[in-house]
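Trainee: I'd like a close look at one part of this model, the place where the ligand sits. Could you take me through it slowly and then show me what else is worth a look?

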Amino acid sequence: MTGKIQITVAKSAGFCPGVKNAIDKVLELAKQRQRTIYTLGPLIHNKQVIETLKGQNIYAVSSPAEIKERRAILVIRAHGIAPQDEAAIRALDLEVIDATCPLVKHVQENIRAHARKGYATIIVGDRDHAEVLGLMGYTEGRGFVVDGPGEVRGLPRFEKANIVAQTTQEYDIFLAAAEEARGNCGELVISDTICTPTRQRQEETVKLARNSDLVIVVGGKNSANTTRLFQICLRLAKNAVHIEKEDELRESSLKGAASIFITAGASTPTWMVEKVLEKTRALTEKNLQ
Ligand code: SF4
């Protein structure tokens, strides 16, 4: 509490277990091996963390062709990659470390098992997101990405289909897409593959955003799960702002807000949430004077 203003920080704010595990793995590796480490794509969608990693000799590349050293270490990030791409990089002169989140692996296995039995796959997610691109590789060439129920209407009719969610999908969107797909398939398997940490984060956000005058969502502007959280908050709270760093917080946004809720995406470090909390406290105290 700050005067009459209530500030609540989400219990689920900060790195999800999958991101935390990938970062810990890479930092440990950097300490042990004293060699440059490359990650296939940025380890997480957070500019501040990526800068910190560079200081530890950890760099992101978009393709293995960018790596000039022999036997370099290449890390597959938490989002995972398509099996064909994994086979291709394992055939190169590289040491490959797999940091795919076990919960993403579970979705990959689900898709593969159904695809091998002849099911088409409908993925409810962002078609350009790395996790979805990786999942498509498990569909045996019969995968379709939709962003929600509207796009399901544009799909062909399937005899057998398996509908899955990108792990950070919003539950209501997945459910609506599955309902829509039901009328379009002879047999439909509904595989709710939204991961538990995402579900908890969304449930907490919905509950607290409804009772807040202002929600501050902290996280990368290029992070899909942070953007999704922000969209949920915009719908439910009186006002919501999405910031990457504490210095983007404006005094004017806090004016008149008696209850403030601070939440963050899965790729936002706890220290950044702390900084935003400090800045919020300072600005609300100033507003009260
Ligand atoms: S959001 Fe869920 S599935 Fe994705 S890395 Fe985090 S814990 Fe794993």
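Which residues surround the ligand?

Mentor: Sure, and keep in mind throughout that this is a predicted model. The ligand is surrounded by ten names worth finding on your screen, which I'll give in sequence order: C16, G18, C101, L103, V104, T167, T168, C195, P197 and T198. Two helices stand out in that shell: α4, covering 102–116, and α8, covering 196–210, each supply at least two of its residues. Look at the chemistry next. Sorted by class, the shell has 6 nonpolar and 4 polar residues, and no charged ones.

Now widen the view a little. The space that the ligand takes is the largest pocket, and about 410 Å³ of space lies in that pocket. Its lining is made up of 30 residues, and those nearest the centre are C16, T167, T168, N225 and A266. You'll recognise C16, T167 and T168 from the shell around the ligand. As for the elements involved, α1, α4, α8 and α9 (224–236) each supply at least two residues of the pocket lining. Of the contributors, α9 gives the most, with 5 residues. Over the whole lining, the split by class is 15 nonpolar, 12 polar and 3 charged. So charged residues do appear in the lining of the pocket, whereas the shell around the ligand has none.

Stay with α8 for a moment. The ligand shell includes P197 and T198, and α8 runs over 196–210. R199 forms a salt bridge with D192, and the closest N and O atoms of that pair are 3.0 Å apart. Both partners are partly exposed: D192 has a relative accessible area of 33%, and R199 comes in at 24%.

That brings us to charge pairing in general. Side chains of opposite charge can pair when their charged atoms come close. A search of the whole structure turns up 20 salt bridges, and a cluster around E95 deserves your time. R33 makes a salt bridge with E95, with the closest N and O atoms 2.7 Å apart. R33 lies in helix α1 (residues 17–33) and E95 in strand β5 (residues 94–98), so this pair ties together parts that are 62 residues apart in sequence. Remember that α1 is also one of the helices supplying the lining of the largest pocket.

E95 has a second partner. R35 forms a salt bridge with E95 too, the closest N and O atoms being 3.9 Å apart. Here R35 lies in the loop between α1 and β2 (37–40) while E95 lies in strand β5, so the pair ties together parts that are 60 residues apart in sequence. How open are these three side chains? R33 is partly exposed, with a relative accessible area of 28%, and R35 counts as partly exposed at 31%. E95, on the other hand, counts as buried at 19% relative accessibility; the cut-off for buried is under 20%. Salt bridges that share partners join R33, R35 and E95 into one network.

Back to empty space, then, this time the closed kind. Rolling a probe the size of a water molecule over the atoms shows where empty space is left. The structure holds 1 cavity of 30 Å³ or more, and the largest cavity has a volume of about 50 Å³. Lining it are T39, L43, I50, L53, K54, I58, Y59 and A60. Helix α2 (47–54) and strand β3 (58–61) each give at least two residues to that lining. By class, the lining has 6 nonpolar residues, 1 polar and 1 charged.

Next, check the loop between α2 and β3, where you'll find N57. Its phi is near 70°, a positive value in a residue other than glycine. N57 is partly exposed, with a relative accessible area of 31%. If you carry on past β3, R71 shows up in the loop between β3 and β4 (72–76). R71 also has a positive phi for a residue other than glycine, near 50°, and at 41% relative accessibility R71 counts as partly exposed.

Technical notes: Residues numbered from 1 in each chain as written. Predicted model: local features only at pLDDT ≥ 70, side-chain atom pairs only at ≥ 80, totals over all residues. Heavy atoms only, no water. Near = heavy atom within 4 Å. 1 Å grid on protein atoms, 1.4 Å probe; cavity = no way out; pocket = protein on both sides within 12 Å on 5 of 7 lines; lining within 4 Å. Sits in = over half its atoms within 2 Å of the grid points. Helix = DSSP H or I, 4+ residues; strand = E, 2+ residues; numbered from the N terminus. Nonpolar A, V, L, I, M, F, W, Y, C, P; charged D, E, K, R; others polar. Salt bridge = Lys/Arg side-chain N within 4 Å of Asp/Glu carboxyl O. Buried < 20%, exposed > 50% of the residue type's maximum accessible area, 1.4 Å probe, protein only. Points joined across faces, edges and corners; volume = space filled by probe spheres on them.
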